[in-house]
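Me: I should like to take a close look at a single part of this structure. Please describe its surroundings in connected prose.

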Amino acid sequence: MINLILVVFVLPHFFIQLSSSSQVSVSVSRRSIPKSGDPITIKWSGIDAPSKLDWLGIYSPANSSRHNFIGYIFLSSSPEWESGSGSITIPLINLRSDYQFRIFHWSESEINPNRQDHDHNPLPGTKHLLADSETIVFESGRGPEQTHLALTDRDGEMRVMFVTHDGKESHVKYGLTRNELNKVVGTQVSRYEREDMCDAPANRSIGWRDPGFIHDGVMAGLEDGKRYYYQVGSDSGGWSKTFNFVSPIRNSTETIAFLFGDMGTATPYSTFVRIQEESISTIKWINRDIDAIGDKPALISHIGDISYARGYSWLWDNFFNQIEPVASKVPYHVCIGNHEYDWPLQPWRPDWSTSVYNTDGGGECGVPYSLRFHMPGNSSEPTGTRAPATRNLYYSFDMGVVHFVYFSTETDFLSGSKQYEFLKNDLESVNRSKTPYVVVQGHRPMYTTSYETRDLPFRERLQEHLEPLLVKSRVTLALWGHVHRYERFCPLNNFTCGSLGMEGEDWKAFPVHMVIGMAGQDWQPIWQPRPDHLTDPIFPQPVRSLYRGGEFGYIRLTANREKLTLSYVGNHDGEVHDVVEIMASGQVLNGIGRAIADDGVSVMGRLDSRFTWYVRVGSVLVLGAFLGYVLGFVSRSRKDSVFRERWTAVKSEETET
């Protein structure tokens, strides 16, 4: 687990005010770090006439050029910075190379307005290096990192993936008790190179860092609904800590899943692109929910815009370390988004899509996404370059009473395409007596009332080619990301609400569309204004849009043979703010209700009671592991408040998605 601590403090009695002739010094609290998330303290002294813009640069590898830092923190975030001395404590993520810290002087007269970060704030200048630290390394023999699970195409299996620095032979040990991991399987190893990236910054020194070696193993022969314990690694390279998960149950009559899009990752420093601090809360509350369900299998679904690395590869490492607390417990499933893939020379870019598919992938062209995850199925599309084919594009599987379908909105989905034929055949072959609910997921939405005009040509094609397929196949639910808000629609077909049948009238089982891109990214779009008053801040809510929310959060899905219940959980309080229930027949019920399990007990009531117990009685036990996150970002907010006194983060009117 990442222990995201950002504690900024000064110890005045340890520092001596140096004269103007003194040199600046910088030191670190340790030269070696055991594992990702462990903290290191950086101290400095001897800065004459310090500027508010003096900054600490974070470099990995240690010999990186001055411009190629991975992050920076202004020294003025230390309360006593004006004395010329101070200290900062941050966690480090293992990037399989050494680190160095450097102190720079920077003044307002040297600000370059043409060199800006993602928030349009000037990036710090590197002209005046004051001091650099000794190099810091991660200890060897501590085992792999970035462990995460996924389902396979076969019953009784669970895939596990992880990263090592050298790619040497590694294994997965697993068993039914923590002390008897008596089954062992090997792993396949893959990696990608800088030359596989298609454009900048991913293939430039500023963005590229060695990704390590990606290991892929499958635990087989699993009994249904059992808690398994496992470790990954080797005797020579070390073993991970012991993780655990609950295996899926064949023909289960219950399904539990946590779903969201556009989460990203959070770092304890500023960097070239915007990071997503709300992702910390999303993981925190989902981790609470996983603990609350006890010995039941569950699933996480992340529908595009995964890490928001956008060509800065260390953010992928940060992301996988951040999700490890949940992704090592339940399978973590994904579909591709624009920020994993899009680039101007992508193989499929029809004339109508010039405003749709741009440079959002930061030159990654889907390569890290394709190799760092391994989803069921064998879908792939050639990249047109030396890079391996883009995979994990479209696939499906059953879990309990739900048939989950994932597809790519970034590659060809039009009638006659391979992807369209997959969707058509898959949806036609669903056994509704086994899985009465069908949940289709893609990144860019078919329906939204946000003012997202650039994607209009895309949405028109999605509605023309795929909506008839969803309606004909009686798809229960269509989930989308891309727009960083929560929005729930009525059962829809061609912008028209179907009757809910609440008054005894005839009703149609149209798909319920939900936009759930609210898990972390905070570039918020505005809602669509009135057509004849585009500049007025009045945003009427169409009849088809039943609930619109601006809170960050995620969806909690519970289903049995009678009913599927979707709850919108807000990150600000961990409570449910919207509920919709869909009967196995397809009839939609609005409002807060109760899904009844096979034993006659309310599923939501049982979950809610456990959640209440955890929050009110056992919150320290459940959430204590995240104390580092909380402390870190309290201090981070202090740092940001100092930074914002100088200039304000600007959101572009053309919304980043």
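The request and the reply below concern one residue and then some aromatic side chains.

Me: Where is E410 found, and which residues does E410 touch?

Reply: The model is predicted, and the description below rests on that model. E410 is found in the loop between strand β26 (402-406) and helix α5 (418-428). With a relative accessible area of 0%, E410 counts as buried, because buried means under 20%. Leaving aside residues up to four places away in sequence, E410 touches I336, G337, N338, Y341, D342, Q346, W348, Y357, H443 and R444. H339 is 71 residues from E410 along the chain, yet the C-alpha atoms of the two are separated by 9.9 Å.

One of the contacts of E410 deserves particular attention. The side chains of E410 and R444 are joined by a polar contact of 2.9 Å. The charged end of R444 also sits over the ring of F458, at 6.0 Å from the ring centre.

Strand β26, at one end of the loop that holds E410, leads to an aromatic pair. The rings of Y395 and Y406 have centres 4.5 Å apart and planes at 10°, so this pair is stacked. Because Y395 lies in strand β25 (residues 395-399) and Y406 in strand β26, the pair ties together parts that are 11 residues apart in sequence. Both rings belong to buried residues: Y395 has a relative accessible area of 1%, and Y406 has one of 0%.

Key
Residues are numbered from 1 along each chain as its sequence is written. This is a predicted model: local features need pLDDT of at least 70, side-chain atom pairs count only at pLDDT 80 or more; totals for chains, interfaces and linings use all residues. Side-chain values use heavy atoms; hydrogens and water are left out. Helices (H or I, at least four residues) and strands (E, at least two) are DSSP runs, numbered from the N terminus. Buried means under 20% relative accessible area, exposed over 50%, partly exposed in between (1.4 Å probe, protein chains only). Contact means heavy atoms within 4.5 Å. A polar contact is a pair of N or O atoms within 3.5 Å; within protein, one must be able to donate a hydrogen and the other to accept it, and residues adjacent in sequence count only if both atoms are side-chain atoms. Rings of Phe, Tyr and Trp (its six-membered ring) pair if their centres lie within 6.5 Å; planes under 30 degrees apart count as stacked, over 60 as edge-to-face and the rest as tilted. A charge sits over a ring if NZ of Lys or CZ of Arg is within 6 Å of the ring centre and within 35 degrees of the ring normal.
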